[in-house]
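Me: I have a structure open and would like to talk it through, starting from one residue and working outwards. Could you go along with me?

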Amino acid sequence: MSLPQRPNRALPHLFGEVRLPENYVPPLRQIAIRVAAALGLLALVVAVVYLDRDGYRDAAGGSLSVLDSLYYATVSLTTTGYGDITPITQQARLTNVLLVTPLRIAFLIVLVGTTLEVLATRSREQWRISRWRTRLRDHTVVVGYGTKGRSAVDTLINGGIPADQIVVVDASPGAVAEANAAGLSGVVGDATRADVLRRAELSVASRVIVTAHRDDTAVLVTLTARQLNPSATVVVSVREAENIRLLRQSGADVTVTSSDAVGRIMGLSTVSPALGTVLEDLLSYGEGMEVAERPVLPREEGRSPRNLDDVAVAVVRGGEVYRYFDPTVSQLLRGDRVIVVRPAEELPWAPRPGGEHDAHHDDPDDGDEIGPIRPAGSDVPGGPHATR
């Protein structure tokens, strides 16, 4: 397998750039706000000058009209100052010092607001990124925001992972912009480069999901990620099954063969359309059936996985996964976790279907209380094992 070429989809100055989500204001609206602010300041100065018109002298000798007040306000705010209209009383001069001059400064700020806003935005963005880095811990880094990456992110969010705990890394600025629009933070750059992954704070992440377009790219990303963070759970999408061993050697904890999985589902659906419907149901979110992992309840200890209220398909014990018919897990023990099929109406990480009583504690007499199950820590990607 040949090593990949460095992708050049992003401009060099954009590589490693961190982008945080923020509210978008259309350009026309920004211009309208600036114009309205300028007109408001102008109208205020006109009103002030006209109300105190007796304190001003016109070079022509006449009293100030509304048009004269507008003229004076315009040349004063724009610092043109022809001098044909001047304040002559102490009150008018004091008003100019205390009110008109500050308004003149505010008017100038509005006029040059675009430049000032660019400078302020850059400073504010740097401050936001600095604060974001100090707060980011035990998050999930998703490399690649294509079809697989978006689906993985949706599953994480639906499973209870907050959007602000997910960071997308992609070489395409457009993909990162799309992630920002979805409320995710993003880094523009080549994920095979260590400095790009450092900007995503991968060294303190709990989970890494790699959905590269090529298997050789996935290998390099996995190697780099594992070098930066030896303890994170790394899940990698691989197109060809023959590359699974190489990815495992590179440090991947879980590999998902996309092409083989899709091909197998299509083949099974051809042989049995009903089976294809069931598989599609299990892979969809929010309706029909779900596959999820939950802990063994105290009253289930000692039972066979076949005798649970849920339909158990596997048991997790000591970090190992056993099929429900394996003699090793013929009886469930305290600390085991079971992978079950159940209605999708239940929360994906809830202990089991059956209502609030079952979701919070089992038999009151045994003294064992079980709270709502949240995504687990570092043993699996994005929380408990779940198949989508």
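**Starting from one proline**

Reply: Pro-87 is found in strand E3, which covers residues 85-87. Please keep in mind throughout that this is a predicted model.

Me: OK, is Pro-87 buried or exposed?

Reply: Pro-87 counts as buried, because its relative accessibility is 18% and the cut-off for buried is under 20%.

Me: And what does Pro-87 touch, leaving aside its neighbours within four places in sequence?

Reply: With those neighbours left out, Pro-87 is in contact with Gly-55, Tyr-56 and Tyr-72, and also with Ala-92, Arg-93 and Asn-96.

Me: How far apart in space are Pro-87 and Val-49?

Reply: The C-alpha atoms of Pro-87 and Val-49 are 9.3 Å apart, while in sequence the two residues are separated by 38 residues.

Me: Let's zoom out. How many helices and strands does the protein have?

Reply: The secondary structure comes to 12 helices and 13 strands, and of the 388 residues of the protein, 41% count as buried.

Me: What share of the contacts is long-range, say 24 or more positions apart?

Reply: If one takes the contacts with a separation of 6 or more, 65% of them are between residues 24 or more positions apart.

Me: And the surface, how much area does the protein expose?

Reply: The protein exposes about 21100 Å², and carbon and sulfur atoms supply 56% of that area.

Me: Switching to the sheet with E10 in it, what is the strand order?

Reply: That open sheet is formed by 4 strands in the order E10-E13-E11-E12, and the pairing is antiparallel. E10 and E12 stand at the edges with a single partner strand each, so one side of each has no neighbour in the sheet. On average, and with direction ignored, neighbouring strands of this sheet are turned by 30° against each other.

Me: How many bridges are there between E10 and E13?

Reply: E10 and E13 pair over 7 bridges, in the antiparallel sense. As one example of a bridge into E13, Glu-290 has Arg-342 as its partner there.

Me: Now salt bridges. How many are there in the whole structure?

Reply: A search of the whole structure finds 11 salt bridges. One of them is formed by the side chains of Asp-336 and Arg-317, at 2.7 Å from N to O. Asp-336 lies in the loop between strand E12 (320-323) and strand E13 (337-343), whereas Arg-317 lies in strand E11, so the pair ties together parts that are 19 residues apart in sequence.

Me: Are Asp-336 and Arg-317 buried or exposed?

Reply: Both Asp-336 and Arg-317 are buried. As for networks, salt bridges that share partners join Arg-294, Glu-300 and Asp-310 into one.

Me: What about Arg-299, which residue does its side chain meet in a salt bridge?

Reply: The side chain of Arg-299 meets that of Asp-309 in a salt bridge, with 3.8 Å from N to O. Both residues lie in the loop between strand E10 (289-295) and strand E11 (311-317), so this pair ties together parts that are 10 residues apart in sequence. Arg-299 is partly exposed at a relative accessible area of 23%, and Asp-309 is likewise partly exposed, at 49%.

Me: One last pair: how far apart are the closest N and O atoms of Asp-195 and Arg-193?

Reply: The closest N and O atoms of Asp-195 and Arg-193 are 3.7 Å apart, and the two residues form a salt bridge. Asp-195 is partly exposed, with a relative accessible area of 36%, and Arg-193 counts as partly exposed at 36% too.

Definitions and conventions. Residues numbered from 1 in each chain as written. Predicted model: local features only at pLDDT ≥ 70, side-chain atom pairs only at ≥ 80, totals over all residues. Heavy atoms only, no water. Salt bridge = Lys/Arg side-chain N within 4 Å of Asp/Glu carboxyl O. Buried < 20%, exposed > 50% of the residue type's maximum accessible area, 1.4 Å probe, protein only. Helix = DSSP H or I, 4+ residues; strand = E, 2+ residues; numbered from the N terminus. Contact = heavy atoms within 4.5 Å. Areas by Shrake-Rupley, 256 points an atom, 1.4 Å probe, with all protein chains shown as cover. Pairing = 2+ DSSP bridges. Axes fitted to C-alpha atoms, helices over the stretch in contact; angles between N-to-C directions.
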